Amino acid sequence: MKVLVKEQIADSGIDLLREQFEVELGFDMDDRELAERIGEFDAILIRSATKLTPDLIDRADQMKVIGRAGTGVDNVDIPAATRRGIIVANAPESNSVAAAEHTLALALALFRNVPQAHGSLVAGRWDRALYKGSELYGKTLGVIGFGRIGQLVAKRAQAFDMEVLAFDKFVSAERFKDLGVEGVETAEELYSRCDLLTIHLPKTPETVDWIDADAVAAMKPGMRIVNCARGELINLDALVSGLDSGQIRGAALDVFPEEPFTEHAVFSRDDVVVTPHLGASTSEAQDRAGTDTAEQVTAALTGGVVTNAVNIASVSPAAMEALAPFVPLCQTLGKVAANLSPGIIDRVDADFRGGVAGHDTRLLTVAVQAGLLSGHTAEAVNLVNAPQMAEERGIEVNVSKEPGAEDFTDLIRVSIQSQGETINVGGTTVGPKNVPYLVSIQGQSFYLPFADHMAVFRYSDQPGMIGRVGSVLGEQGVNIGSAAVGAESGSDQAVMVVTCDAPVAAETIDRIIELDGFSAGYAIEL
């Protein structure tokens with residue numbers, strides 16, 4: 001088999017590949033030559049510079065695996081690769097230690113005024129009194145997003161005798177306790193208590209501008225902030241306003257909304273430390289990325305287990321044929337249940353009924369986990385890494401099976417216990433194309449296909465409520481595609497689900513639940 005190493009990786013990774021395959025180093029190969037020759041190779045290893053577009057992937061007649069030496073796979077068209085049956089594998093943990101260490105490095109630089117003192121001294125000044133700093137010892141660290149990197153940061157902060165608080169609704173109370181960290185129920189509680197805040201969230205529509213003017217206003221006066229995750233998580237104008245007012249004492253930034261990024265008011269401030277996206281830039285992290293990816297490519301070409309595939313889990317053809325129609329349904333149910341959850345997840349149950357219960361449902365359980373975590377972790381979640389990421393957060397899915405499915409051939413229910421409340425959703429597949437359908441929320445029956453944009457409301461069961469929702473949505477330029485209502489048995493409460501032609505903004509949800517009779521509302525993006 002032939003492997004093309006298109007971009008520079010560690011020599012150890014290249015040596016590993018050469019033990020079993022014919023390896024060509026294509027560091028100088030231009031786009032035209034790559035397009036002409038990509039069909040010769042069984043595998044390709046890239047970093048961030050090479051763009052594998054649908055056109056290029058369509059030319060890769062022999063390709064079995066694409067290896068991305070690093071975390072992000074934005075430069076690979078995943079749907080095109082999946083359609084061609086090409087595994088896409090990356091090295092998601094290769095830079096975790098580097099990112100965690102850089103977070104603490106920036107925190108230390110921020111607390112001890114290291115860059116400012118260095119600049120002063122090399123300029124010929126001895127400003128010892130000017131740059132008196134503060135200690136990490138005894139301070140309280142707040143971690144937003146408690147995935148692998150957040151947990152590594154917490155562990156290292158504890159070595160400085162810091163108290164660590166964390167907010168992540170997808171991490172169980174038991175997991176926080178195991179790591180000696182106090183999990184808090186809301187981000188606002190964390191803001192009000194910590195001296196240093198570090199943020200480790202993915203970039204999603206919900207997390208962009210996570211730190212905005214409202215978040216700054218809720219912070220303990222004098223807090224310092226470090227961001228080594230995504231530049232879009234912090235609104236820089238709100239940050240500057242907080243620094244000007246003294247609400248924020250200092251900030252350290254390694255990432256920015258657009259990169260390269262060199263012009264903004266933050267660069268002229270002595271209370272801000274900046275670095276040009278160095279979180280993963282260590283020789284060790286780069287070596288790990290190359291070696292880890294080479295191992296994934298070797299496994300894919302030799303029939304081994306590809307633990308970091310980002311597009312599909314390795315299962316037997318027979319199992320996939322039986323279970324494949326239910327994988328999207330389980331992911332969707334997990335995502336919907338998570339969006340309806342009020343806070344930290346304490347328990348997850350998956351109930352498989354009917355014909356699907358006669359199969360080994362472990363793949364479907366993984367799909368539920370992937371749906372639960374989707375969009376809530378710094379790392380991309382897929383059917384391979386979902387169990388590990390769930391385990392890191394202490395999320396265990398308890399499975400039950402029943403041969404009967406009431407009114408359906410197959411029925412799957414996902415339930416979440418959160419803050420003493422149980423959230424449950426149910427679904428099935430319909431027709432020859434196995435279209436996922438929503439059939440229940442909170443025990444109330446519905447029958448409608450899932451949509452990319454949905455909203456769910458709980459309200460007092462009275463006439464005219466759908467019209468109220470439609471009026472507010474219409475004012476925001478959002479049309480209702482379909483609506484379904486279920487009344488809660490023995491109660492005057494009802495549940496409404498609407499599908500929409502555009503995303504429903506949080507402000508719109510807030511306007512609706514302020515109306516008389518509405519008690520809760522949720523926007524769901526699939």
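Reader: What is the strand order in the open sheet of seven strands, and is the pairing parallel or antiparallel?

Author: Bear in mind that this is a predicted model. The order runs β8-β7-β6-β9-β10-β11-β12, and the pairing is parallel.

Reader: Which strands stand at the edges?

Author: Look for strands with a single partner. Here those are β8 (182-183) and β12 (272-274), so each has one side without a neighbour in the sheet.

Reader: How many bridges join β11 and β12?

Author: Three, linking β11 (residues 248-253) to β12 in the parallel sense. If you want one pair to look at, take Ala252, whose bridge partner in β12 is Val273.

Reader: Now to a single residue. Where is His200, in a strand or a loop?

Author: His200 lies in the loop that connects β9 (196-199) with α10 (213-217).

Reader: And is His200 buried or exposed?

Author: The cut-off for buried is under 20% relative accessible area. His200 comes out at 7%, so it counts as buried.

Reader: What surrounds it, then?

Author: Leaving out residues up to four places away in sequence, His200 touches a set that includes Thr103, Val143, Ile144, Ala229 and Ala378. Closer in sequence, its side chain makes a polar contact with the side chain of Thr198, at 2.8 Å.

Reader: How many disulfides does the structure hold?

Author: The general idea: a disulfide covalently bonds the sulfur atoms of two cysteines. This structure has zero. As for individual cysteines, Cys330 is buried at 0% relative accessibility, and Cys500 is buried too, with a relative accessible area of 9%.

Note on methods:
Residues numbered from 1 in each chain as written. Predicted model: local features only at pLDDT ≥ 70, side-chain atom pairs only at ≥ 80, totals over all residues. Heavy atoms only, no water. Helix = DSSP H or I, 4+ residues; strand = E, 2+ residues; numbered from the N terminus. Buried < 20%, exposed > 50% of the residue type's maximum accessible area, 1.4 Å probe, protein only. Polar contact = N/O pair within 3.5 Å; in protein donor to acceptor, adjacent residues only side chain to side chain. Contact = heavy atoms within 4.5 Å. Disulfide = S-S within 2.5 Å. Pairing = 2+ DSSP bridges.
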